Amino acid sequence: MTDETIKTTRVSRRSVLKTAGAVAGAAAGSGAITGFPAVWSQEKKVLRYLGTAVNQADDINKQLLKDTGITLEYISATTDDVTKRVITQPNSFDVLDTEYFSLKKLIPSGNILALDAKKIKEFDNITPVFTKGQLPNGKVIGDQGTAPKKVMFLEGKNSTKFAKGVTEWVTLIPTTYNADTLGIRPDLIKRPIESWKELLNPEFKGKASILNIPSIGIMDAAMVVEASGLYKYPDKGNMTKQEIDLTMKVLTEAKKAGQFRAFWKDFNESVNLMASGETVIQSMWSPAVTAVRSKGIPCVFQPLKEGYRSWASGFCMSKGVTGKKAEWAYEFVNWFLSGWAGAYLNRQGYYSAVLPTAKKFMTEDEWGFWMEGKAAKNDIKAPDGSLLEKAGSKRDGGSYDDRMGNVACWNAVMDENDYMVRKWNEFIAA
Amino acid sequence: MKTKDPFTLPAWAQVGPFAFVFGLFFIIPLAFVVMVSFWDYTEYSLVPDFTLRSYVETFEGCYDQLPGLCTILKTYVSTVKFCFLVWLFTLLIGFTIAYFLAFHVQSVTMQMTLALISTIPFWTSNVIRMISWIPLLGRNGLVNQGLIKLGVIKEPLEWLLYSDFAVVLAFVHLFTFFMVIPIFNSMARIDKRLIEAAYDAGATGWQTLWTVIIPLAKPGIVIGSIFVITIVMGDFVTVGVMGGQQIASAGKIIETRLGALQFPPAAANAVILLAVVLLIITAMNRVVDIRKEL
């Protein structure tokens, strides 16, 4: 029925324009042209948005529709499945939200389009963490692994080669990023934890956990190996076969000694392990820590002296997107960077790409708590209104500069990925 | 005489639809899997080729590491071990339940009602049934808390969850039903007069069970066993959740490879798994010829 009505209005509007044109005579041309956008706006603007569920909130969709008239159709999948879908079914989505480390697989496939930086309004305000690998205050941060600056730009519009410096062609316009570390149960550990090496400390035998996602799990393991002083990697995100063997040997020995209670693969598993007390120390993601805490169980996203393992995700388009859809995609990305969405993500503990615009949509207290590491003056609430932190508490790890400034490495796909995956299977079977 | 010719039109019409579905959704995809298992691959693409790379890498180290076991052998030893344990327990429990239903429950209505009751756990999803074990068996779960309060143990038992025990328990819970129904079906068809005859001839209860009932229930036992064994061989979700992702399974290897976009090795592992399952089923068919017995 709605379709019917829309069609009728469109026809009548067109005929009105025609009549008007005929009457107005010479002015007809210009009149018809200004009339067109009104006709287009009758059409439903829909973008199919493929990504992990991280950024796919209903609230974002609602606000976007209100501000721009664009509706998103969310297609959510695990990181691995997103990659698989881009490579095997590039026409099944319009906008892609994926992690920077996947680009090494996605760009050579030629299935995604680089975005034109000139059409991104806030491009120059995107945090230099992405473009240059440094904080807004100029501090250079760790770039081991697939740091965004290494894969953010292409040499040309249709190029499949990553550019060394800044160009006009952007592989991914950043959406969210964060710095990950270990989650701990301070009530059960009862002493300060300062180093990654504690993950394999026999004190926590049978109470530790690590991710069963090979490319990320091995990075956490590498942080442990370095922290224990066993080896110093030239690049944890791109190990040689010998380095992979060494890392997996350390992990295998720990597994055989019964160090791990379980491995986890999805967000909920990590929350359950920690909340039920099955584990007291494990690799974890920031919102999972929040989820444990919202059950009234103490859990800390512990900053460690060796630094954080960071990740970042961003937008690009499918190669199948052209014409109007492409314009909507740019409109959507521009809206995403214009502040509302950024504030929404910042309030969940992620970081947004354009900080100044997000700041405008947050209260001074919220900004102080999430971004500046200050004690909250009022209770801090989640976007759905539930209580996250009581007044007076501070964010684990402190300010943006403290957290992002201490990034040691980035999620990565190694050159020896194939070998690493085989070794990981061997580790699981050990 | 005409009826002896098996290639008449009605025969083709009868076999046609299933052959079509079977060909389209099983034979052709399977042929693709076998084909892809011999292809080469890069980080982001499949390279049509004929190479044994996926197979060679899968069996990597199997010779060098002798007498130690390589990854793939270790995985299959573990999977076959689960298969055997689960088969044994589901058979014992399933056979007992079926025996009770077939011989101790007199009215057919009651038999059907009880058989339907045993399907109740299947009204919720497989994953939910599995996950519901976790708060029960966990370190601070109901079982441990109960035992500690009763004074039976002082420290919580760690092996209740994320262990071989937990995996077998969940499998038995999930799949005993697949044993009950075929065995019950076979038993229901046993002529009661045979049992009376055995009794009259002076056989004890055990002798009747061993020489009359079990041989006649064999087809049900084998069909149930095929269900259970094929499911357990290919499962990786139950092993993953209940084993805390620390236990290898043939399915998990395939999943990890797929996750890393390495389709040819995933396909090669699928072919190997299929071959192993076919071997097991062939062996079982040697023991009991199902077609003859049915």
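User: Among the elements of chain B, which helix has the lowest mean pLDDT and which the highest?

Analyst: Helix H14 (residues 290-293) of chain B has the lowest mean pLDDT, 68, and helix H3 (residues 71-104) of chain B has the highest, 93. pLDDT is the predictor's confidence in each residue, on a scale from 0 to 100. Helices here are DSSP runs of H or I with at least four residues, strands are runs of E with at least two, and both are numbered from the N terminus. This is a predicted model, where local features need a pLDDT of at least 70 and side-chain atom pairs count only at 80 or more, while totals for chains, interfaces and linings use all residues. Residues are numbered from 1 along each chain as its sequence is written, with chains lettered from A and ligands numbered from 1 in the order in which they are written.

User: How do the two chains score on average?

Analyst: Chain A averages a pLDDT of 87, with 90% of its residues at 70 or above. Chain B averages 88, and 98% of its residues score at least 70. Over residues 1-39 of chain A, pLDDT stays under 50. For the complex, the predictor gives an ipTM of 0.79 and a pTM of 0.81.

User: Why is B:Tyr162 called buried or exposed?

Analyst: A residue is buried if 20 or more other C-beta atoms (placed from the backbone) lie within 10 Å of its own, exposed if 12 or fewer, and partly exposed in between. B:Tyr162 has 28 such neighbours, so it counts as buried. It lies in the loop between helix H7 (142-150) and helix H8 (164-188) of chain B, and its phi is near 55 degrees, a positive value in a residue other than glycine.

User: And what does the count say for A:Lys190?

Analyst: A:Lys190 has 8 other C-beta atoms within 10 Å, so it is exposed. Its phi is also positive, near 60 degrees. You will find A:Lys190 in the loop between helix H8 (186-189) and strand S11 (208-211) of chain A.

User: How do you know that S11(A) and S12(A) pair?

Analyst: Two strands pair if DSSP finds at least two bridges between them. S11(A) and S12(A) have four, in the parallel sense. One bridge joins A:Ser209 to A:Ala262 in S12(A).

User: What makes S12 and S14 of chain A the edges of their sheet?

Analyst: The open sheet has five strands in the order S12-S11-S13-S10-S14 (chain A), with mixed pairing. Strand S12 (260-264) and strand S14 (300-302) each have a single partner strand, so one side of each is left without a neighbour in the sheet. From one strand to the next, the twist averages 25 degrees.

User: How do H3(B) and H10(B) pack?

Analyst: H3(B) and helix H10 (residues 205-234) of chain B have axes 9 Å apart, at an angle of about 145 degrees. Axes are lines fitted to C-alpha atoms, for helices over the stretch in contact, and angles between N-to-C directions run from 0 to 180 degrees.

User: How many residues of each chain are in contact with the other chain?

Analyst: Two residues are in contact if their C-beta atoms, placed from the backbone, lie within 7 Å. By that rule, 26 residues of chain B are in contact with 31 residues of chain A. On the chain B side, H3 and helix H12 (250-259) are the elements that give two or more residues, and H12(B) gives the most, with five.
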